[in-house]
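The following exercises are to be worked through with the sequence and the model at hand. Each task is followed by its solution in steps.

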Amino acid sequence: MEYINQLKEYAPAWSQEKVDAEVTRIREIALRNHTTDVYKFCYSAIDLTTLSCNDSVESVTKFAKKAAEFYEKYPSIPNVASICVYPAFVETVGLAVDGTPMRITSVAGGFPASQTYLEVKALEVTMAMENGADEIDIVMNVGHMLSGEYNEAANEVEVIRSEMNEDIILKVIIESGALKTPELIRKASLLSMLAGADFVKTSTGKIDVAATPEAAVVMCTAIRDYYEKTGHKVGFKAAGGVRTPEEAALYYTIVEEILGKEWLTTDLFRIGASSAANNLLTAIEGKTVKYY
């Protein structure tokens with residue numbers, strides 16, 4: 001599909017100065033959301049993640065079982081939205097959480113660099129789905145974006161989306177830390193949505209610059225503009241470097257301010273995290289919790 005002309009239908013990106021000013025404004029407002037209720041919601045929005053080179057069937061099984069046992073051990077706190085793993089461990093997680101409502105997310109499509117054949121990307125996504133993944137996180141080709149090959153970047157997402165079942169959630173990672181500028185971050189966000197993304201996600205967490213409030217502001221304004229033009233709601237996921245309750249509340253507030261309270265559901269807002277889970281539980285319980 002031709003995507004460049006569709007981009008022309010949207011307003012240009014904000015200047016960096018305007019983005020910075022908006023982040024400053026929202027940081028001040030975010031103090032109101034340093035509450036137990038917001039922290040509970042942020043915990044429930046987590047895609048609980050283990051993406052390590054030393055993951056194993058044993059370690060992932062233990063990790064997933066802890067998440068499954070949370071339902072009984074902390075009945076007053078909504079459990080995390082999903083467990084996020086490499087494709088080879090989707091079935092492992094499925095066995096560990098069987099009988100619970102836990103969703104399974106898998107990174108796929110050549111994660112984290114997206115530097116492989118499109119056929120390989122599509123096959124990996126298909127295999128993850130067949131093994132039980134409910135949600136798939138792929139990386140948009142950053143090289144295409146940096147080279148101005150916008151049609152190529154979007155068409156890869158379109159092809160992968162076309163190979164997926166309609167009920168599977170597709171999150172597209174734009175790797176905002178590599179794109180750097182508001183212009184490229186906005187273009188990548190819009191292209192992802194135009195190509196069929198259900199969520200636009202900040203980062204893989206595998207490069208030096210992961211999620212930032214500045215990128216989140218740009219992405220959420222793109223999501224808002226896309227919704228105003230199409231009537232279709234796309235979710236936002238902050239991932240990489242979100243560790244503290246205060247950081248989680250800041251992303252919550254960015255979504256609240258730019259997209260509105262209707263986006264504050266786990267169907268439209270996620271946080272990709274590992275260490276943030278214990279830190280949010282500590283804030284909620286008022287004492288140190290090292291559950292994971």
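**Exercise 1: Helices on the sheet**

In this predicted model, helix α12 lies across β7 (235–239) and β8 (269–273), and α12 runs at about 155 degrees to β8. Helix α13 (residues 275–285) also packs on the sheet, where α13 touches β1 (46–49) and β8. The direction of α13 makes about 125 degrees with that of β1.

Task: Determine in which order the strands close into a barrel, and in which sense they pair.

Solution. Eight strands form the barrel, in the order β1-β2-β3-β4-β5-β6-β7-β8, and the pairing is parallel. Neighbouring strands of this sheet are turned against each other by 25 degrees on average, direction ignored.

**Exercise 2: Strand β3**

Task: Identify the strands that pair with β3, and state how many of its residues are buried.

Solution. On one side, strand β2 (residues 82–85) pairs with β3 in the parallel sense over four bridges; here Val85 has Ser106 as its bridge partner. Next, β3 pairs with strand β4 (residues 135–139), again in the parallel sense, over three bridges, and Thr105 stands opposite Glu135 in β4. Finally, four of the five residues of β3 (residues 103–107) are buried, so the strand is largely enclosed by the rest of the structure.

**Exercise 3: Two packed helices**

Task: Describe how α2 and α12 pack.

Solution. Helix α2 (residues 16–29) and helix α12 (residues 245–258) pack at an angle of about 110 degrees, their axes being 9 Å apart. The angle therefore makes α2 roughly perpendicular to α12. Their crossing is right-handed. The residues of this contact comprise five nonpolar, one polar and four charged.

Notes: Residues numbered from 1 in each chain as written. Predicted model: local features only at pLDDT ≥ 70, side-chain atom pairs only at ≥ 80, totals over all residues. Heavy atoms only, no water. Axes fitted to C-alpha atoms, helices over the stretch in contact; angles between N-to-C directions. Parallel < 35°, antiparallel > 145°, perpendicular 65-115°, else oblique. Left-handed = near helix turned anticlockwise from the far one by under 90°. Nonpolar A, V, L, I, M, F, W, Y, C, P; charged D, E, K, R; others polar. Buried < 20%, exposed > 50% of the residue type's maximum accessible area, 1.4 Å probe, protein only. Pairing = 2+ DSSP bridges. Contact = heavy atoms within 4.5 Å.
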